[in-house]
Structures are given as C-alpha cells and as structure tokens.
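Open the model in your viewer and keep the selection tool at hand. We will go from one stop to the next.

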Amino acid sequence: MTAVAIGVSPAGAGSVLALDACFDRAREPYTSVVDSHLHTRPFGGKAIPFEELTGYLHKSGVRYASMYGIGQTLPVDSGCTYYLDCPGVPVTPSMKNDFVNAANYLEERPEDPELALSMTFMDLNHPETIPSGIDLYDKEFPGAFRWAGEVNLVKQALFPNQHEPATSENIKNWAPFMKVLRDRGIPITIHSDLGSDAEPTKYLPLMEETLRRYPQNKIVWAHMGLSKELSTMNPDQHIGIMKRLLDRYPRLTLDLSWRVLEDQYFSKPGVRQKYAAFLDRYPTRAIPGTDFVAAANKDYQVYAEELEVTSRINKALGDEAFRGIALGRNYFRLLGIDRTAPEVCAAR
Ligand SMILES: [Zn+2]
C-alpha cells in the first residue's frame with residue numbers, strides 16, 4: 001500500500017492524510033512536516049504578516065509549528081533589525097512579541113498549520129521576574145501558551161549586545177518557574193552554546209548543571225549546542241557528548257534546527273552518516289525546525305530554502321528516526337498532543 005495522492009495537496013511530507021496510508025519515502029518529500037523552531041517575530045522592525053507566514057507553512061507542507069517570539073529584542077527606537085548590525089545596542093527578552101503572537105494566533109486560530117504558542121519573554125539571568133510574567137499570561141491568555149523558549153542560557157553571538165551567560169546561581173533560582181513548566185508538561189527550548197572553536201566545551205557545564213537540577217523538565221537543547229562560533233568541532237566528540245547526556249537525562253530532546261548545522265557539519269564528507277547513525281540510535285530524541293526569523297524583508301523562497309536545507313539530514317535517516325523527526329512523532333509526544341505520524345511504507 002502506498003500513499004494516497006490528494007488532489008491539490010501542498011508539497012511536503014504531510015500530504016499523507018488517509019489513516020491507513022503509509023508514507024512512501026521514495027515518492028513523498030523529505031522535508032519535515034513539523035517546524036518546532038519558528039520565530040514568528042523579528043529582532044526588530046516589521047514582521048511578515050501572520051496570515052502570509054501561515055501561508056508559507058501551508059504551501060511548503062509544514063503542518064505543525066511552535067510559534068516562538070524572539071528571545072532578544074532590540075529597543076523599539078534603535079532602528080536596528082538585526083542585532084549583529086548593531087553592536088553595543090542592548091538586546092533583552094521582552095513580552096511584546098509574545099503578546100503580538102498570542103493576539104495574532106487567537107484572532108485567526110489556524111488549523112492547518114496547527115500552531116503551539118510559546119513564551120519567549122523569560123530572562124534567565126533574572127529568574128525572579130518569570131513567575132509573575134507567567135501569571136500575567138495566564139490572566140490575559142488562559143491556557144494559550146503550550147511551549148517555552150527559545151530562551152538564552154548562553155549565546156555568544158549576543159555578547160556584543162550586553163548579553164551575559166546565566167550563572168550557576170541563576171540556574172538554581174529557576175526552580176519556581178521550572179516547576180510551573182513541569183506541572184503543565186510544557187517543553188522549554190534553551191539556547192546554550194557548547195563553546196567556540198578555541199574552546200569547544202567552554203559552556204558545557206552550564207547546560208549540564210541545568211539538566212542535573214531539572215531532570216524532570218522537558219528540556220529541548222537548541223541546535224544541539226552548535227553555533228557559528230563553533231564551526232569546527234570534531235563530530236565524534238560532539239556526538240559523544242550528546243549520547244552521554246541523552247543516556248543520563250531521559251527527558252532531554254535535541255533540536256536540529258538552523259541551517260548552520262547542515263552548512264557547518266552535516267554537509268561535510270562523512271559527517272552526515274555519523275549524525276544519521278547517531279539519530280537512528282536515538283530515534284525518539286530529536287525534533288526538526290528551521291529557525292526561520294519572520295522579518296518582513298524575507299519571502300516564501302527564503303522559508304522554503306531554510307526548510308529544505310534543514311531537512312536534508314532526513315534523507316539519511318532510517319525509517320524509525322524519519323518517522324520520529326520528519327513526520328512529527330517526537331514533536332507530538334513532546335507537546336502531548338494526540339496526533340499520529342503515518343508509518344513509513346516497507347521498502348519494496
Ligand atoms: Zn532560534
């Protein structure tokens with residue numbers, strides 16, 4: 001049995017809808033049906049209008065997405081649209097983009113794509129401000145937020161903009177809001193750079209401390225700790241660290257978003273196979289995403305390209321990891337929603 005063709009279905013793996021149809025990898029796209037890491041608000045300046053953006057997802061076959069604000073907003077009067085263009089200008093988490101997201105979402109309530117609103121305002125260096133922020137969201141938008149993040153534990157790219165890594169004292173003081181997330185089963189995506197080319201594991205202790213203190217939280221590690229500042233890490237060393245932490249912390253999930261992973265790692269000779277073998281061994285432990293930032297100067301082509309590039313790793317995966325990652329099974333489980341990813345058709 002093969003996938004049932006649907007007349008004018010969009011491109012994308014999600015076009016298999018019939019319950020008894022299996023997903024034929026030879027005929028269907030390899031692009032993920034989930035975008036778990038989508039910034040629907042920009043750093044500053046104008047955003048792509050919400051309906052236009054959901055149109056991008058629909059057209060590209062993305063049927064589920066987590067709707068992130070942005071963890072680093074530029075001052076409203078700065079005239080900057082990208083923090084790297086404005087060193088010295090402080091960037092800080094803000095509630096503004098979460099409010100705009102919530103208002104947009106609640107006005108449209110799109111069903112395809114299905115969206116999960118995320119709280120991005122959390123300032124991990126000032127955790128004492130977080131519980132009252134959640135209370136405010138509960139009052140204004142009861143039950144609307146089902147995800148947290150992307151929040152920054154340490155992000156080297158923001159150092160010129162007065163961002164400092166959270167300290168071990170800060171991490172300890174996360175306890176009250178981490179309990180709220182735990183009680184509600186809300187995943188939190190944490191951006192925590194592993195290190196730099198000069199010191200590849202410089203910041204690993206911060207993430208380890210987070211996992212050690214909050215082993216029962218659904219923690220999603222953005223970009224597996226990789227970044228532009230860490231472009232030359234030995235893949236075996238990196239994979240070794242990921243395996244060790246996945247084994248020790250069963251609730252940890254890896255986020256495969258951002259084209260930097262493909263450009264700097266997966267696309268290098270021999271490296272894709274290493275990561276595919278790793279993900280095949282941990283088929284339930286990773287989720288896909290684009291890390292697209294919806295600034296108004298981008299268009300559908302940019303989104304489609306970022307989805308394609310970040311989905312290339314899917315082609316190298318075995319069927320179980322493909323179903324878990326590309327077809328959404330891991331995302332559904334993490335979010336606690338009752339959706340079923342189609343089975344992959346047996347190879348003929
Ligand atoms: Zn991001």
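Start with one definition: a residue is buried if 20 or more other C-beta atoms lie within 10 Å of its own. Keep it in mind for the first stop. The model you are looking at is predicted.

**Stop 1: strand β5**

Select residues 188–192, which form strand β5. Is this strand enclosed or open? Of its 5 residues, 5 are buried, so β5 is largely enclosed by the rest of the structure. Now show the side chains. Ile188, Ile190 and Ser192 point one way. Thr189 and His191 point the other way. Both sets are buried.

**Stop 2: strand β4, on one side of β5**

Add residues 145–154, strand β4. It pairs with β5 in the parallel sense, over 5 bridges. Follow the pairing residue by residue. Ala148 stands opposite Ile188. Gly149 stands opposite Thr189. Val154 has Ser192 as its bridge partner. How many of the residues of β4 are buried? The count is 9 of 10, and the strand is mostly covered.

Next, select residues 114–119. This is strand β3, which pairs with β4 in the parallel sense over 3 bridges. Look for Leu117 in the selection; its bridge partner in β4 is Phe145.

**Stop 3: strand β6, also paired with β5**

Go back to β5 and add residues 219–221, strand β6. β5 and β6 are parallel partners, joined over 3 bridges. Ile188 stands opposite Ile219 here. How does the chain get from β5 to β6? It passes through helix α6, residues 204–213, and this β-α-β crossover is right-handed.

**Stop 4: strand β7**

Select residues 252–255 for strand β7. Leu252 and Leu254 point one way from the strand. Thr253 and Asp255 point the other way, and all four of these residues are buried. β6 and β7 pair in the parallel sense, over 3 bridges. Find Val220 in β6: its bridge partner in β7 is Thr253. Now turn on helix α7, residues 235–248. Together, β6, α7 and β7 make a right-handed β-α-β unit.

**Stop 5: the whole sheet**

Show every strand. In what order do the strands lie in the sheet? The order is β8-β7-β6-β5-β4-β3-β2-β1-β9, in an open sheet of 9 strands with parallel pairing. Two strands sit at the edges: β8 (286–287) and β9 (292–293). Each of them pairs on one side only. At the β8 edge, β7 is the parallel partner, with 2 bridges. Zoom in on Leu254, which stands opposite Ala286 in β8.

**Stop 6: Leu256**

Select Leu256. It lies in the loop between β7 and α8 (259–266). Is this loop residue buried or exposed? Leu256 has 27 C-beta neighbours inside 10 Å, so it counts as buried. Which residues does it touch, leaving out those up to four places away in sequence? They are Leu261, Ala286, Ile287, Pro288, Gly289 and Ile313. Now add Ala222. The two residues are 34 residues apart in sequence, and their C-alpha atoms are 7.1 Å apart in space.

**Stop 7: a pair of helices**

Two packed helices are described by the angle between their axes and the distance between the axes. Select residues 130–140 (helix α3) and 175–184 (helix α5). They pack at an angle of about 35°, with their axes 8 Å apart. Show the side chains where they meet. α3 brings Ile130, Pro131 and Ile134; α5 brings Pro176, Phe177 and Val180. What kinds of residue make this contact? There are 6 nonpolar, no polar and no charged residues.

**Last stop: the whole chain**

Zoom out. The chain has 12 helices and 9 strands. Its C-alpha trace spans about 55 × 45 × 40 Å along the principal axes. A compact globule of 348 residues would have a radius of gyration near 20 Å. This chain has 19 Å, which agrees. Of the 348 residues, 47% count as buried. Finally, take the contacts between residues at least 6 apart in sequence: 78% of them join residues at least 24 apart.

How values were computed. Residues are numbered from 1 along each chain as its sequence is written. This is a predicted model: local features need pLDDT of at least 70, side-chain atom pairs count only at pLDDT 80 or more; totals for chains, interfaces and linings use all residues. Two strands pair if DSSP finds at least two bridges between them. Helices (H or I, at least four residues) and strands (E, at least two) are DSSP runs, numbered from the N terminus. A residue is buried if 20 or more other C-beta atoms lie within 10 Å of its own, exposed if 12 or fewer, and partly exposed in between; C-beta atoms are placed from the backbone. A crossover is right-handed if, with the strands pointing away from the viewer, the path from the first strand over the helix to the second runs clockwise. Axes are lines fitted to C-alpha atoms, for helices over the stretch in contact, and angles run from 0 to 180 degrees between N-to-C directions. Two residues are in contact if their C-beta atoms, placed from the backbone, lie within 7 Å. Ala, Val, Leu, Ile, Met, Phe, Trp, Tyr, Cys and Pro count as nonpolar, Asp, Glu, Lys and Arg as charged, and the others, Gly among them, as polar. The radius of gyration is taken over C-alpha atoms; the globule rule is 2.2 Å times the number of residues to the power 0.38.
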